[in-house]
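Hi there,

Here is the structure I promised to pass on to you. Have a look at it first, and then read on for what turned up in it.

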Amino acid sequence: MKSAQEAILIAAFGTTISHAAEAYKRFDAAVKARFPGREVRWAYTSTIVRKKLALRGDAKESVGEAVSRLAGDGYRNLSVLPLQVIPGVEFHLIRREVSAFLQATEAGGVTVRVGDPLLSGYDEAVRVARALISDVPKERKSSDAVVFMGHGSRRHPADLFYVALNSILKEKDPLAFLGTVEGHPTLDDIVKKCKAAGCTKAWLIPFMAVAGDHAINDMAGDGEDSWKSILEKAGIGCTPVLRGVLDSPGVRDVWLDHLADIVSRK
């Protein structure tokens with residue numbers, strides 16, 4: 001039986017790729033299995049994604065809208081789990097929307113707790129690095145590089161989390177590299193390091209919640225600007241793995257533990 005008071009809101013960036021959205025459904029099931037008896041809903045932080053989905057007749061709520069609806073439906077203890085990787089722009093947008101709701105309603109007896117993003121400290125980064133390495137396809141040879149693609153954030157100092165995770169990955173596997181689309185480390189950094197290490201093959205894996213547009217096009221696409229094309233032009237053959245980290249049991253558990261921290265908080 002569901003609690004009349006407690007609800008969980010999962011705040012994802014969102015995706016317009018239908019098969020990528022299936023990973024959200026699997027995570028939703030994992031949340032409900034670990035936290036039975038609570039209402040579980042979703043919000044998308046990306047305005048662009050919400051607009052595109054609305055044109056298809058698949059409307060999604062923003063965090064502010066979803067929190068307001070939950071409060072209007074009678075839920076008084078809300079736990080918001082950000083599915084962001086770093087405490088960057090999107091994460092702080094979530095916090096601002098929650099703060100705006102609380103200020104507008106003067107709380108009104110509603111408690112809203114916001115959890116941490118995936119990378120929120122050293123211990124989490126170590127857990128994530130271990131999970132990423134363990135999920136690399138077993139067909140990989142010891143001389144193959146593994147290249148993880150993160151989003152990155154030029155606009156936010158939390159971009160440094162990617163640099164830190166890259167360093168931790170290197171400690172666990174000298175041929176594992178993390179790069180970003182819009183931050184640091186860059187793909188140029190990775191190409192140089194792969195060539196210096198004598199790598200002739202790389203496994204390309206998204207370091208994003210789902211394997212959406214960035215993974216399909218920017219990482220694994222056939223366009224001349226994709227990571228696959230650039231690495232292959234540098235003499236490094238590529239095998240893309242189109243699987244987001246929500247489908248990694250070890251990474252997923254870090255997010256679920258963050259959720260447990262706020263669900264149990266009084």
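**A residue on the inside: Ile262**

Let's begin with one residue: Ile262 has a relative accessibility of 1%, so it counts as buried. Please keep in mind throughout that this is a predicted model. You will find Ile262 in helix α10. Which residues does Ile262 touch, leaving out those up to four places away in sequence? They are Ser79, Val80, Arg113, Val114 and Gly115. You can also try a distance in your viewer: the C-alpha atoms of Ile262 and Leu83 are 14 Å apart, while 179 residues separate the two along the chain.

For a contrast, go to Ser134 in helix α5. Ser134 counts as partly exposed, because its relative accessibility is 41%. Its C-alpha atom is 34 Å from that of Ser62, and the two residues are 72 apart along the chain.

**The chain as a whole**

Now zoom out. The chain has 10 helices and 8 strands. Its C-alpha trace spans about 60 × 40 × 35 Å along the principal axes. How does the radius of gyration agree with that of a compact globule? For 266 residues such a globule would have a value near 18 Å, and the chain has 19 Å, so the two agree.

Of the 266 residues, 52% count as buried. The accessible surface of the chain is about 12400 Å², and carbon and sulfur atoms make up 51% of it. There is also a figure for how the chain folds back on itself: among contacts with a separation of 6 or more, 76% are between residues 24 or more positions apart.

**One side of helix α3**

Next, please find helix α3, which runs through residues 63-72. Which of its residues are buried? They are Val63, Gly64, Ala66, Val67, Leu70 and Ala71. These residues cover an arc of only 165° around the axis, and therefore they sit on the same side of α3. A general point about helices helps here: an α-helix has 3.6 residues a turn, so residues three or four places apart point the same way.

What do the buried residues of α3 pack against? Their partners are the strands β1 (6-12), β2 (39-44), β3 (77-82) and β4 (111-114), together with helix α4 (89-105). Just after α3 comes Gly74, which takes a positive phi of about 100°.

**Salt bridges**

How many salt bridges does a search of the whole structure find? The count is 13. Three of them are described here.

- Glu6 pairs with Arg38, and their closest N and O atoms are 2.7 Å apart. This pair links distant parts of the chain, 32 residues apart: Glu6 is in strand β1, and Arg38 is in the loop between α1 (18-34) and β2.
- Arg41 and Asp73 meet through their side chains, with 2.9 Å from N to O. Here too distant parts of the chain are linked, since Arg41 is in strand β2 and Asp73 is in the loop between α3 and β3, 32 residues apart. Asp73 is partly exposed, with a relative accessible area of 45%.
- Arg127 and Asp257 form a salt bridge as well, at 3.0 Å from N to O. It links helix α5 (residues 122-134), which holds Arg127, with helix α10 (residues 249-263), which holds Asp257, and the two residues are 130 apart.

Are Arg127 and Asp257 buried, exposed or partly exposed? Arg127 counts as partly exposed, because its relative accessibility is 32%. Asp257 is at 26%, so it also counts as partly exposed. The two residues are linked with Arg34 in a network of salt bridges.

**Cysteines without a disulfide**

Last, the cysteines. The number of disulfides is 0. Cys199 is in no disulfide, and the nearest cysteine sulfur, that of Cys194, is 4.9 Å away. A disulfide needs the two sulfur atoms within 2.5 Å, so a pair at 4.9 Å does not count. Cys199 has 5% relative accessibility and therefore counts as buried.

Cys238 is in no disulfide either: its nearest cysteine sulfur also belongs to Cys194, and it is 8.5 Å away. At 13% relative accessibility, Cys238 counts as buried.

Enjoy exploring, and write back with any questions.

Best wishes

Methods
Residues are numbered from 1 along each chain as its sequence is written. This is a predicted model: local features need pLDDT of at least 70, side-chain atom pairs count only at pLDDT 80 or more; totals for chains, interfaces and linings use all residues. Side-chain values use heavy atoms; hydrogens and water are left out. Buried means under 20% relative accessible area, exposed over 50%, partly exposed in between (1.4 Å probe, protein chains only). Helices (H or I, at least four residues) and strands (E, at least two) are DSSP runs, numbered from the N terminus. The arc is that of the directions from the helix axis to the C-beta atoms. Contact means heavy atoms within 4.5 Å. A salt bridge is a side-chain nitrogen of Lys or Arg within 4 Å of a carboxyl oxygen of Asp or Glu. The radius of gyration is taken over C-alpha atoms; the globule rule is 2.2 Å times the number of residues to the power 0.38. Accessible areas come from the Shrake-Rupley method with a 1.4 Å probe; for residues, only the protein chains shown count as cover.
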